[in-house]
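Please open the structure in your viewer and keep the sequence panel beside it. This tour goes from one selection to the next and says what is there at each stop.

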Amino acid sequence: MPRSAPRPLPRWSSSSPARASSGPSAVVVTERSRPPAPDGGRCGRTSCSLTRCRPGRASPPRRGGDARNDPGPHRSTTPAVSIPPRTRDLGPVRFHAVSSTPSVRTIDEHVATLLARIAAVRGAAVRGAAVRGAAGRGTGNHVHSSGAFVDGGPSAPAWLPLDDAALAEPGIALADDVVAVAPVPGFDHAAVDGYAVRLAGLPDDQAVTLTVAGAVRAGDPGPAVLGPGEAVRIMTGAPLPPGADAVVPVEATSTGRFAPGRDGTEATVTLTRPHKANVRRRGEDVAVGVVLARRGDAVTPALIAAAAASRVGGLRVARRPAAGGPGAARPGAGSSPASCRPGTTESGAAHPLASDTHAPDGPPAVPTRGTGTPRPYIAVVSTGSELRPWGGSVGPGGVVDSNSLMVGAIVRAAGGEPVRRGGVPDDAAALRAVLDKLAGDVDLIVTTGGVSAGAWDVVREVLTAPGGPAADVDLTGVAMRPGRPQGLATWRGVPWVALPGTPVAAFAATYLFVRPALAALRGETGPCSALLAVAPDAVGWGTAHGRGCGSPGMFTRVVPVRTTVDGVVPASGAATGGHALSALLGADGLALVPADGAGPGDLLEVVPL
Ligand SMILES: Nc1nc2c(c(=O)[nH]1)N[C@H]1C(S)=C(S)[C@@H](COP(=O)(O)OP(=O)(O)OC[C@H]3O[C@@H](n4cnc5c(N)ncnc54)[C@H](O)[C@@H]3O)O[C@H]1N2
Ligand code: MOO
């Protein structure tokens with residue numbers, strides 16, 4: 001018997017919401033940006049002795065102090081105080097967050113905000129969908145499964161290209177093991193937007209001014225070698241220049257932030273040694289030849305993502321035995337998606353949408369598509385000039401677009417009809433054109449990528465462009481890792497959920513935000529399902545530095561877990577700091593671990609996958 005029987009919760013939330021930032025006025029303060037702790041930087045936890053580990057709370061911005069130490073969120077791009085090029089006598093210098101998303105909210109708050117938007121437009125969206133009805137298929141926008149294994153298809157093993165496998169109905173299992181063909185990541189690349197540097201060339205805790213020797217964008221084949229005394233502007237996902245071994249986030253440098261959609265002109269940048277490398281290494285997630293899944297395993301969105309990323313072109317699958325046992329084919333199972341229904345607000349009151357949909361004369365659910373089941377159309381758009389279609393060659397600097405397959409698979413399993421548009425480049429006009437084309441056909445737009453701090457983050461550029469069709473733009477981040485950068489907007493009347501591009505962040509955000517939105521569009525009511533599960537031991541819940549220490553203090557950690565008889569344990573893959581697609585493969589839930597970690601016997605909320 002499990003030590004704690006799963007029981008439904010009224011809402012999704014961190015189990016200690018009070019620890020997270022709770023208002024739009026909260027300031028994102030990165031570890032580097034916090035004012036020094038009174039004890040000189042010790043975190044104060046008995047289990048942590050690291051001098052660089054800061055406490056878990058955000059401190060209010062200091063006013064009237066040294067301008068270099070002012071973490072006020074609205075600093076201009078150019079620092080108010082010029083930083084002397086010679087810094088030896090200055091002692092430790094910290095540059096502070098000049099975040100373009102100065103606020104964060106909790107997971108619950110983000111769900112509630114999104115659902116309120118859906119409620120506001122739902123009547124119109126449903127009417128639009130009803131008009132589209134059968135015509136939707138004729139637009140060429142929709143990606144449908146080939147029909148193999150749908151409606152009782154063949155039971156003999158057959159090969160499905162990955163995009164068909166992503167949309168196949170439940171009840172399909174692997175007929176063969178799935179083996180990685182290419183490493184994930186495919187090359188060493190930046191995990192943040194900032195400056196690539198060589199650590200050996202940087203003094204400890206002292207600012208240094210480096211010559212900006214060039215720039216590398218995601219999708220570029222790779223720049224020249226980094227020389228002594230140089231830094232290279234680099235965007236998340238771009239290949240690390242030879243000679244560099246770390247990336248300093250732009251917020252932690254004298255540049256402060258990159259202007260969206262423009263090359264920088266700064267000749268020099270002043271920065272200090274980063275406390276972590278912010279680099280993702282070739283193959284650190286998946287090595288060539290690794291078995292991603294075994295014969296008989298279910299085809300899941302996580303498997304689709306990992307298979308696509310490791311260049312697997314398709315899957316050999318077979319229908320599972322139909323005799324009612326676990327995993328047996330369920331006729332029409334795609335019509336009965338995992339339960340996830342918006343129902344209550346954080347205060348516990350009924351959510352406006354819930355009463356709306358209970359009303360006998362409320363707007364109808366999205367129209368039936370021949371199975372008696374409403375399937376809202378969900379545009380799934382992945383952005384990034386580095387993205388290449390699955391199955392083909394990617395070339396230097398290229399990355400397989402795994403997100404659109406993965407998000408499409410989650411949407412499909414949750415009862416939506418994905419309309420997939422992969423690999424829109426980092427070009428604002430191109431993205432606008434795609435959105436314009438889709439807006440008349442869909443009930444919800446989901447994008448991945450381009451929403452954080454890069455100069456070429458195209459979603460952010462389009463969302464922040466003055467006078468564009470993007471309305472109600474909200475770029476408040478969510479206090480979760482992975483998955484902080486987020487955006488909400490309305491595009492020509494259609495709600496738009498902008499998710500981060502990093503695949504594990506996109507995965508978590510799809511389950512946490514898109515699934516409830518989809519449920520709302522389907523007219524479902526009631527709470528989103530979550531489980532309370534025991535953390536049986538202390539291993540894996542904190543960071544490498546100990547429980548909670550070194551982690552971004554006010555952030556809930558979203559940890560892929562698997563259920564055991566004793567409770568839930570972290571799935572493997574912790575080595576990549578929570579960004580491993582491979583860790584998702586063994587997971588059956590996402591645990592929401594409070595900012596200060598979890599210990600043996602603690603109860604955690606777990607979102608089932
Ligand atoms: N200076 C800073 N840099 C970054 C921050 C930050 O706060 N300051 N946040 C980091 C976090 S957290 C995340 S998550 C990422 C999110 O960035 P974007 O949403 O702008 O995503 P991209 O930069 O476009 O891509 C990130 C990463 O994921 C890969 N990617 C993107 N789309 C796909 C796809 N469809 N399939 C597979 N892989 C994809 C991309 O190649 C990048 O490696 O920002 C951090 N940066
Ligand atoms: O790098 Mo992010 O949101 O995945 O934490």
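Begin by selecting ligand 1 together with Ser452, and look for the place where an oxygen atom of the ligand lies 2.9 Å from an N or O atom in the side chain of Ser452; as you do so, keep in mind that this is a predicted model. The protein covers 93% of the 870 Å² of accessible area that ligand 1 has on its own. Two elements each give two or more residues to the shell around ligand 1, namely strand S14 (377-383) and strand S16 (399-400).

Now add Gly450 and Asn403 to the selection, and show their backbone atoms. A polar backbone atom of Gly450 is 3.0 Å from an oxygen atom of ligand 1, while a polar backbone atom of Asn403 is 3.3 Å from a nitrogen atom of the ligand.

Next, show the whole shell around ligand 1, which holds 31 residues, with Asp193, Glu251, Glu386, Asp401 and Arg484 coming nearest. If you colour this shell by residue type, you should find 12 nonpolar, 13 polar and six charged residues. Why does ligand 1 lie between domain 2 and domain 3? Colour residues 189-280 for domain 2 and residues 380-526 for domain 3, and you can see that ligand 1 lies between them because both domains give residues to its shell.

From here, select helix H5, residues 403-413, and ask yourself whether this helix is largely enclosed or not. Since 10 of its 11 residues are buried, H5 is largely enclosed by the rest of the structure. The buried residues run from the start of the helix, with Asn403, Ser404, Leu405, Met406, Val407, Gly408, Ala409, Ile410, Val411 and Arg412 making up the list. To see what surrounds them, show helix H2 (162-167), helix H3 (301-309), S14, strand S17 (417-424), strand S18 (444-448) and helix H8 (503-521), against which the buried residues of H5 pack. Just after the helix, stop at Gly415, which takes a positive phi of about 100°.

Move now to ligand 2 and select the residues around it, which are Arg280, Arg481, Pro482, Gly483, Arg484, Pro485, Thr502, Ala505 and His579. By type, this shell divides into three nonpolar, three polar and three charged residues. Which atoms of the protein lie close in distance to oxygen atoms of ligand 2? A backbone N or O atom of Gly483 lies 2.3 Å from one such oxygen, a polar side-chain atom of His579 lies 2.6 Å from an oxygen atom of the ligand, and a polar backbone atom of Arg484 is 3.0 Å from an oxygen atom of the ligand.

For the next stop, select Val606, which lies in strand S28 (residues 603-608). Val606 counts as buried because its relative accessibility is 4%, and the cut-off for buried is under 20%. Leaving aside neighbours within four places in sequence, Val606 is in contact with Ala530, Leu531, Ala533, Val561, Val568, Gly589, Leu590 and Ala591. Of these, take Ala533, which is 73 residues from Val606 in sequence, although their C-alpha atoms are 6.7 Å apart in space.

Finally, zoom out to the whole protein, whose secondary structure comes to nine helices and 28 strands. Buried residues make up 54% of its 609 residues, and the accessible surface comes to about 23,500 Å², of which 55% belongs to carbon and sulfur atoms.

Conventions: Residues are numbered from 1 along each chain as its sequence is written. Chains are lettered from A and ligands numbered from 1 in the order in which they are written. This is a predicted model: local features need pLDDT of at least 70, side-chain atom pairs count only at pLDDT 80 or more; totals for chains, interfaces and linings use all residues. Side-chain values use heavy atoms; hydrogens and water are left out. A residue is near a molecule or strand if one of its heavy atoms lies within 4 Å of it. A polar contact is a pair of N or O atoms within 3.5 Å; within protein, one must be able to donate a hydrogen and the other to accept it, and residues adjacent in sequence count only if both atoms are side-chain atoms. Accessible areas come from the Shrake-Rupley method with a 1.4 Å probe; for residues, only the protein chains shown count as cover. Helices (H or I, at least four residues) and strands (E, at least two) are DSSP runs, numbered from the N terminus. Ala, Val, Leu, Ile, Met, Phe, Trp, Tyr, Cys and Pro count as nonpolar, Asp, Glu, Lys and Arg as charged, and the others, Gly among them, as polar. Domain bounds come from an automatic or database domain assignment. Buried means under 20% relative accessible area, exposed over 50%, partly exposed in between (1.4 Å probe, protein chains only). Contact means heavy atoms within 4.5 Å.
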